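Colleague: Please give me a close look at one part of this predicted model. Start with what lines it, then work outwards to its surroundings.

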Amino acid sequence: MTRADLSKQPHDVAAMFDNVAEGYDRTNAVATMGLEKLYWRPATLAEIAPRKGLKILDLAAGTGASSINLRESGAEVVSCDFSVGMLTVGKRRHPELDLIAGDALRLPFADESFDVVTISWALRNVNDVPLALREMLRVTRPGGRLVVLEQSHPTWKPFRVVYLEYMMRAVPAVAKVVSTNPEAYEYLAESTRAWLPQEPLARTIEEAGWTRVQWRNLTGGLVAIHRAVRPQSGK
């Protein structure tokens with residue numbers, strides 16, 4: 001599977017990430033020109049506001065790069081991903097992490113298990129986004145929070161045109177040099193172009209049962225952080 005318009009079957013996406021696991025973090029650092037590590041991840045961490053006493057689900061945690069920062073705050077962190085290859089690399093690099101294999105459409109956790117659920121650069125890759133959001137709602141405690149970091153749509157049209165050209169041409173070119181599976185990055189670039197803009201994603205989150213949905217654009221809307229709260233009662 002290399003094209004965003006193909007059905008995103010979970011086993012296909014998992015296999016794709018298995019193939020890029022070893023060099024995934026390195027390729028992201030190069031493709032984002034350092035913005036992921038220097039700006040986008042810290043901004044997301046601030047939105048999550050991890051602290052001792054919170055139980056956090058880091059969904060689509062990959063190699064655990066984001067989970068480490070959450071854990072350092074003293075929070076209890078569970079890292080979940082459906083790519084065994086990513087988890088294997090993560091366990092080797094961060095043996096202290098609690099890494100669990102699981103599908104976002106059928107999370108292997110009990111109802112109301114977490115204070116915060118967060119997912120970064122992965123919601124657009126699930127087969128059924130509303131179902132995944134409802135699953136996240138199910139495992140979140142009433143009053144708990146959702147934080148989503150995802151590629152988005154630049155708010156200034158000329159910038160958007162240049163950005164999409166970069167995603168479609170430059171990212172796959174970079175991946176050919178530094179990635180173990182360049183074809184996967186062609187898919188990821190196309191999935192970015194096909195992904196929901198900020199407001200439609202906010203509506204989708206709200207329709208899944210979340211409340212107080214808001215978003216924050218980063219780098220002119222290159223990426224956006226969406227946040228929401230599970231209602232105190234009901235689903």
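Modeller: Helix α3 gives the largest share of the lining of the second largest cavity, 5 residues. With α3 spanning residues 35–48, these are Arg41, Pro42, Thr44, Leu45 and Ile48. In an α-helix, residues three or four places apart point the same way, because there are 3.6 residues a turn. Arg41, Thr44, Leu45 and Ile48 follow that kind of spacing.

α3 is not alone. α4 and β4 also each supply at least two residues of this lining. From α4 (65–72) come Ser66, Asn69 and Leu70. From β4 (114–120) come Thr118 and Ser120. Asp58 is also in the lining, and its place is in β1 (55–59). The volume is about 110 Å³. It is one of 2 cavities of 30 Å³ or more in the structure.

What is the character of this lining, by nonpolar, polar and charged residues? The split is 4 nonpolar, 5 polar and 2 charged. The charged residues are Arg41 and Asp58. Pro42, Leu45, Ile48 and Leu70 are the nonpolar ones. Thr44, Ser66, Asn69, Thr118 and Ser120 are polar.

Now step along from the lining. Next to Arg41 in sequence is Trp40, which also lies in α3. Just past Ser120 is Trp121, in the loop between β4 and α6. The whole structure holds 2 aromatic pairs. Trp40 and Trp121 form one of them, with centres 6.0 Å apart and 55° between the planes. An angle of 55° is neither under 30 degrees nor over 60, so the pair counts as tilted. Because Trp40 is in α3 and Trp121 is in the loop between β4 and α6, the pair ties together parts 81 residues apart in sequence. Both tryptophans are buried.

The other pair is Phe109 with Phe114. The ring centres are 5.1 Å apart and the planes stand at 90°, so this pair is edge-to-face. Phe109 counts as buried because its relative accessibility, 14%, is under 20%. Phe114 is buried too, with 1% relative accessible area. Phe114 has a further partner: the charged end of Lys55 sits over its ring, 5.2 Å from the centre. Lys55 belongs to β1, the strand that also holds Asp58 of the lining.

Back to Trp121, for its backbone. Its phi is near 50°, a positive value in a residue other than glycine. Trp121 has 8% relative accessible area, so it counts as buried. Thr219 likewise has a positive phi, about 50°, and is not a glycine. Its setting is the loop between β6 (211–218) and β7 (223–229). At 24% relative accessible area, Thr219 is partly exposed.

The loop that leaves β1 leads to α4, and Thr63 is found there. Thr63 is buried, at 2% relative accessibility. Its C-alpha is 7.8 Å from that of Arg93, although the two are 30 residues apart in sequence.

The loop that holds Trp121 runs on to α6 (129–138). This helix is mostly covered, with 7 of its 10 residues buried. They are Val129, Ala132, Leu133, Glu135, Met136, Leu137 and Arg138. These buried residues pack against β1, β4, β5 (140–151) and α9 (198–207). β1 and β4 have both appeared above: Asp58 is in one, Thr118 and Ser120 in the other. Glu135 deserves a word. This residue of α6 counts as buried, at 11% relative accessibility. Beyond its neighbours within four places in sequence, Glu135 is in contact with Ala104, Leu105, Arg106 and Leu107.

Last, the wider frame. The protein has 9 helices and 7 strands. Of its 235 residues, 53% are buried. Among contacts between residues at least 6 apart in sequence, 67% join residues at least 24 apart. The Trp40–Trp121 pair, 81 residues apart, spans a separation of that kind.

Conventions: Residues are numbered from 1 along each chain as its sequence is written. This is a predicted model: local features need pLDDT of at least 70, side-chain atom pairs count only at pLDDT 80 or more; totals for chains, interfaces and linings use all residues. Side-chain values use heavy atoms; hydrogens and water are left out. Rings of Phe, Tyr and Trp (its six-membered ring) pair if their centres lie within 6.5 Å; planes under 30 degrees apart count as stacked, over 60 as edge-to-face and the rest as tilted. Helices (H or I, at least four residues) and strands (E, at least two) are DSSP runs, numbered from the N terminus. Buried means under 20% relative accessible area, exposed over 50%, partly exposed in between (1.4 Å probe, protein chains only). A charge sits over a ring if NZ of Lys or CZ of Arg is within 6 Å of the ring centre and within 35 degrees of the ring normal. On a 1 Å grid over the protein atoms alone, a cavity is a set of points where a 1.4 Å probe fits but cannot get out, and a pocket is an open set with protein on both sides within 12 Å along at least five of seven lines; lining residues have an atom within 4 Å of a point. Grid points are joined across faces, edges and corners, and a volume is the space filled by probe spheres set on the points. Contact means heavy atoms within 4.5 Å.
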